[in-house]
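The following exercises concern the protein structure shown below. Each task is followed by a solution that proceeds step by step.

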Protein chains: 2
Amino acid sequence: MILEVAVLDVKPGQAAAFEQDFARASVYISAMAGYQSHELQRCIERPTRYLLLARWQTLEHHTEGFRRSPEYLEWKKLLHHYYDPFPTVEHYAQVYERRAGSPA
Amino acid sequence: MILEVAVLDVKPGQAAAFEQDFARASVYISAMAGYQSHELQRCIERPTRYLLLARWQTLEHHTEGFRRSPEYLEWKKLLHHYYDPFPTVEHYAQVYERRAGSPA
């Protein structure tokens with residue numbers, strides 16, 4: 001599993017509209033092959049900042065599958081105009097995980 | 001639930017030792033009140049970069065509980081010397097989540 005990470009700085013005053021359009025855009029990403037989950041988190045210290053965490057089966061499901069799809073054009077149209085600056089996307093592979101109550 | 005997020009840039013050549021010490025240090029964070037889970041992710045595009053995602057019941061479980069605990073001193077001793085620059089920590093609150101197979 002691959003984690004896609006993007007810090008999203010949204011233009012001031014547009015948070016509510018962005019959150020609504022993010023929910024609308026979610027239909028496109030969640031329909032893609034290799035999609036596993038995604039979440040949007042809002043920063044407490046800096047409320048114009050959001051974090052997108054999307055989990056994909058492989059890197060290529062995101063970089064080739066989603067980014068070259070017609071669904072991505074809809075995603076872009078709904079969301080990209082909210083960002084300033086335009087975000088950098090990074091991909092991560094998990095090296096450690098633990099949950100409360102699980103053995104060491 | 002609150003998500004603690006830190007981008008960790010580890011000094012070149014120290015990735016393997018860092019990953020080992022991170023696993024050792026995990027005993028301290030996971031013993032704290034309000035701890036829910038944590039994961040370490042390694043960046044594919046920049047392999048000296050890691051992402052720590054820790055989930056806490058409330059913000060104060062991290063900022064007051066963990067950071068003022070004796071366990072945090074052990075965590076620091078094991079891990080802080082690996083970082084350059086020293087990381088900024090941010091906290092996030094979830095505004096949206098979806099998983100494959102779940103209804104819209």
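**Exercise 1.** Determine in which strand Tyr92(A) lies, and decide whether Tyr92(A) is buried or exposed.

*Solution.* The model is a predicted one. Step one is to place the residue: Tyr92(A) belongs to strand S4 of chain A. Step two is to consider its relative accessible area, which is 1%. A residue counts as buried under 20%, and therefore Tyr92(A) is buried.

**Exercise 2.** Identify the residues that surround Tyr92(A), leaving aside its neighbours within four places in sequence.

*Solution.* Begin with chain A, where Tyr92(A) is in contact with Met1(A), Ile2(A), Leu3(A) and Val5(A). One of these, Met1(A), is 91 residues away in sequence, yet the two C-alpha atoms are 8.9 Å apart in space. Continue with chain B, where the contacts of Tyr92(A) are Gln41(B), Arg42(B), Cys43(B), Ile44(B), Arg49(B), Tyr50(B) and Leu51(B). Finally, examine the side chain for polar partners: a polar contact of 2.8 Å links Tyr92(A) to the side chain of Glu90(A). Glu90(A) also forms a salt bridge with Arg46(B), at 3.9 Å from N to O.

**Exercise 3.** Describe the extent of the interface between chain A and chain B.

*Solution.* First, count the residues: 37 of chain A are in contact with 38 of chain B. Next, take the area buried between the two chains, about 3,200 Å², of which carbon and sulfur atoms give 56%. On the side of chain A, Tyr92(A), Tyr96(A) and Arg98(A) lose the most area to chain B, together 20% of what that side buries. Then turn to the polar links: there are six salt bridges between the chains, and 26 residue pairs are in polar contact. Several elements of chain A supply at least two residues each to the side that touches chain B, namely strand S1 (2–9), helix H1 (15–29), strand S2 (35–43), strand S3 (49–56) and strand S4 (89–99). Of these, S4(A) gives the most, with 10 residues. By class, this side of chain A has 18 nonpolar, eight polar and 11 charged residues.

**Exercise 4.** Establish which strands pair with strand S4 (residues 89–99) of chain B.

*Solution.* Consider chain A to begin with: S2(A) pairs with S4(B) in the antiparallel sense over seven bridges. Among the bridge partners, Cys43(A) is matched with Tyr92(B), and His38(A) is matched with Arg98(B). Now consider chain B itself: strand S1 (residues 2–9) runs antiparallel to S4(B), and five bridges join the two. In this pairing, Ile2(B) stands opposite Ala93(B).

**Exercise 5.** Locate Ser26(B), and state which residues it is in contact with, leaving aside its neighbours within four places in sequence.

*Solution.* The residue lies in helix H1 (residues 15–29) of chain B. Its relative accessibility is 0%, so Ser26(B) counts as buried. The contacts of Ser26(B) in chain A are Tyr96(A) and Arg98(A), while those in chain B are His38(B) and Trp75(B). With His38(B), the side chain of Ser26(B) makes a polar contact of 2.8 Å. To relate this result to Exercise 3, recall that Tyr96(A) and Arg98(A) are among the residues of chain A that lose the most area to chain B.

Notes
Residues are numbered from 1 along each chain as its sequence is written. Chains are lettered from A and ligands numbered from 1 in the order in which they are written. This is a predicted model: local features need pLDDT of at least 70, side-chain atom pairs count only at pLDDT 80 or more; totals for chains, interfaces and linings use all residues. Side-chain values use heavy atoms; hydrogens and water are left out. Contact means heavy atoms within 4.5 Å. Buried area is the accessible area (1.4 Å probe) that two parts lose on being put together, summed over both. A salt bridge is a side-chain nitrogen of Lys or Arg within 4 Å of a carboxyl oxygen of Asp or Glu. A polar contact is a pair of N or O atoms within 3.5 Å; within protein, one must be able to donate a hydrogen and the other to accept it, and residues adjacent in sequence count only if both atoms are side-chain atoms. Helices (H or I, at least four residues) and strands (E, at least two) are DSSP runs, numbered from the N terminus. Ala, Val, Leu, Ile, Met, Phe, Trp, Tyr, Cys and Pro count as nonpolar, Asp, Glu, Lys and Arg as charged, and the others, Gly among them, as polar. Two strands pair if DSSP finds at least two bridges between them. Buried means under 20% relative accessible area, exposed over 50%, partly exposed in between (1.4 Å probe, protein chains only).
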